[in-house]
Amino acid sequence: MQKLTGFPEFLTSSHNLVCVGDRAGNISGYLYEAADGGQVVFWDCPDGGTMEVHTHEGDEYFIVLQGQYSGVIDGREIMLGPGDELLIPAGTPHNGTMSAGFRAIDVWAKPRF
C-alpha cells in the first residue's frame, strides 16, 4: 500500500485528458465513462483556476479531495474543502474558483465531454 499525494499514473493517461479551455487555468481532467453514459473526471489543478457560470443536462456529484473550492450554486455561495461532497441538480447554474493544489472527483449523470 502506498499513500498518495496525487492521482496514480494509470488514471492520468494522456488518452483520457479532457480540455476545459483557457478559462479554467492550469487544470487537468481525466475522463472515465460509465456503462450507462455517465462520466467521471478526476481533476488536478496545481495552480488554481476559475470556472465560469454553466449548467449541465444531468445531475452532477462533486467531492473535493484536496484544496478549496468556492463558488456560487443557484445563487448561493458555498465553500468546500477536503471530504466535502455536493450534488448539483440538472440545469442548476454554477461557477467556482479552485485553490492552488486543488484535486476533486466529478461525476455527471449524462455525458459532458
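Leaving aside neighbours within four places in sequence, which residues is Tyr 69 in contact with? The legends below concern a predicted model, and the first of them takes up this question.

**View 1. Tyr 69 and its contacts in the nonpolar core.** Once its neighbours within four places in sequence are set aside, Tyr 69 is in contact with Phe 62, Val 64, Ile 78, Met 79, Leu 80, Asn 95, Gly 96, Thr 97, Met 98 and Phe 102. The largest nonpolar core has 19 residues, and Tyr 69 is among those with the most contacts inside it, together with Phe 62, Leu 80, Leu 86, Met 98 and Phe 102. Two or more residues of this core come from each of the elements β3, β5, β6 (69-73), β7, β8 (85-88) and β10.

**View 2. The open sheet of four strands.** The strands of this open sheet follow the order β4-β9-β6-β7, and their pairing is antiparallel. Because β4 (49-54) and β7 (76-80) stand at the edges and each has a single partner strand, one side of each is left without a neighbour in the sheet. From one strand to the next, the twist averages 10°.

**View 3. Strand β9 and its partners.** Four bridges pair β4 with strand β9 (residues 94-98) in the antiparallel sense, and one of the matched positions is Gly 49, whose bridge partner in β9 is Met 98. β6 and β9 are likewise paired in the antiparallel sense, over five bridges, and here Ser 70 stands opposite Thr 97 in β9. The covered face of β9 holds His 94, Gly 96 and Met 98, whereas Asn 95 and Thr 97 belong to the uncovered face. Met 98, on the covered face, is also one of the residues with the most contacts inside the largest nonpolar core.

**View 4. Strand β10 with β3 and β5.** Strand β10 (residues 102-108) is mostly covered, with five of its seven residues buried. Strand β3 (residues 39-45) pairs with β10 in the antiparallel sense over seven bridges, and in this pairing Val 40 has Val 107 of β10 as its bridge partner. Strand β5 (residues 60-66) also runs antiparallel to β10 and is joined to β10 by six bridges, where Ile 63 is matched with Ile 105 as its bridge partner.

**View 5. His 56 in the loop between β4 and β5.** His 56 is placed in the loop that lies between β4 and β5. The relative accessible area of His 56 is 11%, which is under the 20% limit, so this residue counts as buried. Apart from neighbours within four places in sequence, His 56 is in contact with Ala 90, Gly 91, His 94, Trp 108 and Arg 112. Of these contacts, His 94 lies on the covered face of β9.

**View 6. The largest cavity and its lining.** The count comes to one cavity of 30 Å³ or more, and about 160 Å³ of space lies in the largest cavity. Its lining is made up of 15 residues, of which Trp 43, Met 51, Glu 60, Phe 62 and Asp 106 are the closest to the centre. The elements β4, β5, β8, β9 and β10 each give two or more residues to this lining. Phe 62, among the residues closest to the centre of the cavity, is also among the contacts of Tyr 69.

Notes:
Residues numbered from 1 in each chain as written. Predicted model: local features only at pLDDT ≥ 70, side-chain atom pairs only at ≥ 80, totals over all residues. Heavy atoms only, no water. Pairing = 2+ DSSP bridges. Axes fitted to C-alpha atoms, helices over the stretch in contact; angles between N-to-C directions. Buried < 20%, exposed > 50% of the residue type's maximum accessible area, 1.4 Å probe, protein only. Core = buried A, V, L, I, M, F, W, Y, C linked by side-chain atoms within 4.5 Å. Contact = heavy atoms within 4.5 Å. 1 Å grid on protein atoms, 1.4 Å probe; cavity = no way out; pocket = protein on both sides within 12 Å on 5 of 7 lines; lining within 4 Å. Points joined across faces, edges and corners; volume = space filled by probe spheres on them.
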